[in-house]
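Reader: Could you take a close look at one part of this model for me? I'm curious about backbone angles that look odd for the residue type, and about the setting they sit in.

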Amino acid sequence: LDTLEKWVTEIFSEIPNNGLPKPSFGHLTQPFDTPEFHKLYRVIPIRKVHSLSITWALPPQEQYYRVKPLHYISWLVGHEGKGSVLSFLRKKFWALALYGGNGETGFEQNSTYSIFSISVTLTDEGYKHFYEVAHVVFQYLKMLQKRGPDKRIWEEIQKIEANEFHYQEQTDPVDYVESLCENMQLFQKEDFLTGDQLLFEYKPEV
C-alpha cells in the first residue's frame with residue numbers, strides 16, 4: 001500500500017484543480033412532463049419474445065444513496081417467493097420472469113430525475129392479458145405503499161449486501177478504478193469505496 005500510495009502521489013499530484021463546482025442539472029425538473037410519456041407503446045421485436053416494460057420518472061434519488069429507497073422497492077418487486085408478483089403471474093401461466101429497479105447509471109439516476117422500471121417477460125398467454133398483468137403490478141405497488149416500509153426487510157437487504165461486498169470477487173483493476181472515479185462524483189469522501197453497494201441508514205420517510 002505504501003508503494004501504491006507513493007506512485008499515485010507522484011503520478012497524479014501535478015494535475016491542477018480548476019476549482020470549479022460540480023455541475024448540477026437539478027433545476028431541470030420533470031424532463032418527462034410531456035403527453036407522449038403517458039402512453040402505451042407497442043414495439044415489434046426482432047426475435048420472438050413478449051416483454052412488458054413499465055417505466056416511472058421519479059424525482060432524483062441519488063442524494064439518498066445511504067438509504068437506497070429504490071433498491072428496497074426493487075428487492076420487493078423482484079422477489080420470486082410466495083406472495084410475490086411473479087409467483088402470482090406464473091400460477092396463471094402469464095409470465096416467465098420479472099425484473100424491477102434502477103441501474104444507478106447516469107441515464108437512470110442523475111441530478112434531474114431517477115428512472116424506475118419493471119420489466120415482465122410474458123408467455124404467449126400472458127401477452128393476451130398484458131393489461132391484467134400491468135394491473136397486478138400496480139396493485140402490488142399500491143399494497144406496498146399502504147403497508148409502508150418494513151425495517152426488518154431493509155435490515156435483511158443491508159446484511160445481504162454487506163456479505164456480498166465483503167466476499168466479492170476481485171474485479172478487473174481498470175474497471176474498478178473507473179467505478180471509483182464515478183463514485184467520487186456521487187458520494188461523500190468516506191463512502192467512495194462503499195456508497196454504490198452498501199445500505200447505511202434506515203429512513204422510512206425516504
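Author: Let's start with lysine 68: at 6% relative accessibility it counts as buried, because the cut-off for that label is under 20%. Keep in mind that this is a predicted model. What makes lysine 68 worth a stop is its backbone: phi is positive, about 55°, although the residue is not a glycine. As for where it sits, lysine 68 belongs to the loop that links strand 1 (50–58) with helix 2 (69–77).

There's another residue to put beside it. Phenylalanine 93 is not a glycine either, and its phi is positive too, at about 60°. Phenylalanine 93 is also in a loop, the one between helix 3 (85–91) and strand 2 (95–101). Buried or exposed, then, for phenylalanine 93? It counts as exposed, because its relative accessibility is 64% and the cut-off is over 50%. So the lysine is the buried one here, while the phenylalanine is the exposed one.

Now for the setting. The protein has seven helices and three strands, and from the N terminus on they run α-β-α-α-β-β-α-α-α-α. Its C-alpha atoms fill a box of roughly 65 × 40 × 40 Å along the principal axes. Of the 206 residues, 28% count as buried, and lysine 68 is one of the buried residues. The accessible surface comes to about 15,200 Å², with 58% of that belonging to carbon and sulfur atoms. Among contacts with a separation of 6 or more, 73% are between residues 24 or more positions apart.

Notes:
Residues are numbered from 1 along each chain as its sequence is written. This is a predicted model: local features need pLDDT of at least 70, side-chain atom pairs count only at pLDDT 80 or more; totals for chains, interfaces and linings use all residues. Side-chain values use heavy atoms; hydrogens and water are left out. Helices (H or I, at least four residues) and strands (E, at least two) are DSSP runs, numbered from the N terminus. Buried means under 20% relative accessible area, exposed over 50%, partly exposed in between (1.4 Å probe, protein chains only). Contact means heavy atoms within 4.5 Å. Accessible areas come from the Shrake-Rupley method with a 1.4 Å probe; for residues, only the protein chains shown count as cover.
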